[in-house]
Structure formats: structure tokens, C-alpha cells
Amino acid sequence: MGYRSNVALGIAFVNRAAAREFVLKMQACQPEDVRQALTEYSVVLGASEQEPVMFLAHFECVKWYFSYPDVIAHDGLRSLAEEAGATTRFVRVGEDIGDDEDDTNYSVDNDNMGLQEALQEAIHIRRTVECDIPPGSGIPIGLI
């Protein structure tokens, strides 16, 4: 089966016009793999045209190696978004404790602190353990 990770990616633009411009540019002149990567994101719109727009993608239990073509495409998409002035975030949680990556990049040309905060709220690392005990089946140890 191999080593697997959970990955989340975020791209945030200052407003809808910037997001639209980026999408149109990607659809018009990028290779098929980059265009395909873009379709794997969900769009989170601000309440108005002037509010930030986020593109978010989440992958569970995937092999995330930077030599894999789909990973190369997503990494390339992030780089192109950063060149366009977007703030990006990449978070990967591996199988091993402590094997976490968290990388946020932003353009110093824009006032993107709000974009960084939005991506921080949307993407965060949480390690949990769940144990489903059927209702009514739990009895105190002393009653065995």
C-alpha cells in the first residue's frame, strides 16, 4: 500500500475579479494537467465582489510525492497563483507522528494578512483517535 498522507491546499485571492482573472488565464494557456488540478478545488466566495475568494482542495490517504505527475501539477498551480499575487497554503500530514508540513506563501505586494488568516481558519491540522462504543454496551469494569 505504501506511505499515505492527508493533504489540504488553499489559494486565496483578494477579490472575485482577481480569482476570475486567474481562472481564465489557467483555462486559456496552461497544460491539461494544471487545468485538471484546478478543477479539484472547491470555491469559497466572500459575500461581495470585493471580498476574498478561496480555492480549497482536500485529499485523504494519498501518496503525495513531488515526483508524481498530479502532485507536480498541483505544485505548479500553486506557483502560478503566487506569481499572480495570491496567498497559498499547503498542509500535509503523514502517517508518522511529527511528519507534518505547513507552508504558507503570500505576496508582499498586497495586504494579504486577511488572506493568510482566512486560509489558517479553513485549513488546520487535527490529529484524532475515535473509538465508537455502541450505546448501552459500556458497563463499569467492576461489574464484569
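Start by selecting Thr88 and Asn105: in this predicted model, Thr88 stands opposite Asn105 of strand S5. You are now looking at the pairing of S4 with S5, which is antiparallel and spans six bridges. Slide along to Arg92, whose bridge partner in S5 is Glu101.

**The hairpin turn**

Next, follow the chain from S4 into S5. The two strands form a hairpin, with five residues between them. Click on Gly98 in this turn and check its backbone: phi is positive, at about 85 degrees.

**The whole sheet**

Now show the strands as a cartoon and colour each one separately. Which order do the five strands take? Reading across the open sheet, you pass S2, S3, S1, S4 and S5, in that order, and the pairing is antiparallel. Select S2 and then S5 (100-105): these are the edge strands, each with a single partner, so one side of each has no neighbour in the sheet. Tilt the view a little to see how the strands are turned against each other; between neighbours this comes to 15 degrees on average, ignoring direction.

While the sheet is in view, add helix H3. H3 packs on the sheet and touches S1, S3, S4 and S5. Compare the direction of H3 with that of S4, and you will find about 150 degrees between them.

**Around Leu56**

Move on to the other part of the sheet and select S1 and S3. These strands run antiparallel and are joined by eight bridges. Pick Gly10, and you will find Leu56 as its bridge partner in S3. Keep Leu56 selected and bring in Ser42, which stands opposite Leu56 as well. Ser42 takes you to S2 (residues 42-44), which pairs with S3 in the antiparallel sense over three bridges.

**The helices**

Now hide the strands and display H1 (residues 16-29) with H2. Their axes are 8 Å apart and the packing angle is about 145 degrees. To see the contact, show side chains for Phe22, Val23, Met26 and Gln27 in H1, which meet Val34, Arg35 and Leu38 in H2. By class, five of these contact residues are nonpolar, one is polar and one is charged.

Keep H2 (residues 32-39) and swap H1 for H3 (residues 69-83). How are these two helices arranged, and at what angle do they pack? The angle is about 80 degrees, with the axes 8 Å apart; H2 and H3 are therefore roughly perpendicular to each other. From H2, the contact uses Asp33, Val34, Ala37 and Leu38, and from H3 it uses Ala73, His74, Leu77 and Leu80. Six of the residues in this contact are nonpolar, one is polar and one is charged.

**The largest pocket**

For the last stop, bring everything back and turn on a surface. Rolling a probe the size of a water molecule over the atoms shows where empty space is left. The largest pocket holds about 430 Å³ of space. Which residues should you select to find its centre? Try Asn6, His58, His124, Ile125 and Arg126, the closest to the centre among the 21 residues of the lining.

Then colour the strands that take part. S1 (5-13), S3 (53-62) and S4 (87-94) each supply at least two residues of the lining, and S1 gives the most, with five. Finally, colour the lining by residue class, and you will see ten nonpolar, five polar and six charged residues.

Note on methods: Residues numbered from 1 in each chain as written. Predicted model: local features only at pLDDT ≥ 70, side-chain atom pairs only at ≥ 80, totals over all residues. Heavy atoms only, no water. Axes fitted to C-alpha atoms, helices over the stretch in contact; angles between N-to-C directions. Helix = DSSP H or I, 4+ residues; strand = E, 2+ residues; numbered from the N terminus. Parallel < 35°, antiparallel > 145°, perpendicular 65-115°, else oblique. Contact = heavy atoms within 4.5 Å. Nonpolar A, V, L, I, M, F, W, Y, C, P; charged D, E, K, R; others polar. 1 Å grid on protein atoms, 1.4 Å probe; cavity = no way out; pocket = protein on both sides within 12 Å on 5 of 7 lines; lining within 4 Å. Points joined across faces, edges and corners; volume = space filled by probe spheres on them. Pairing = 2+ DSSP bridges.
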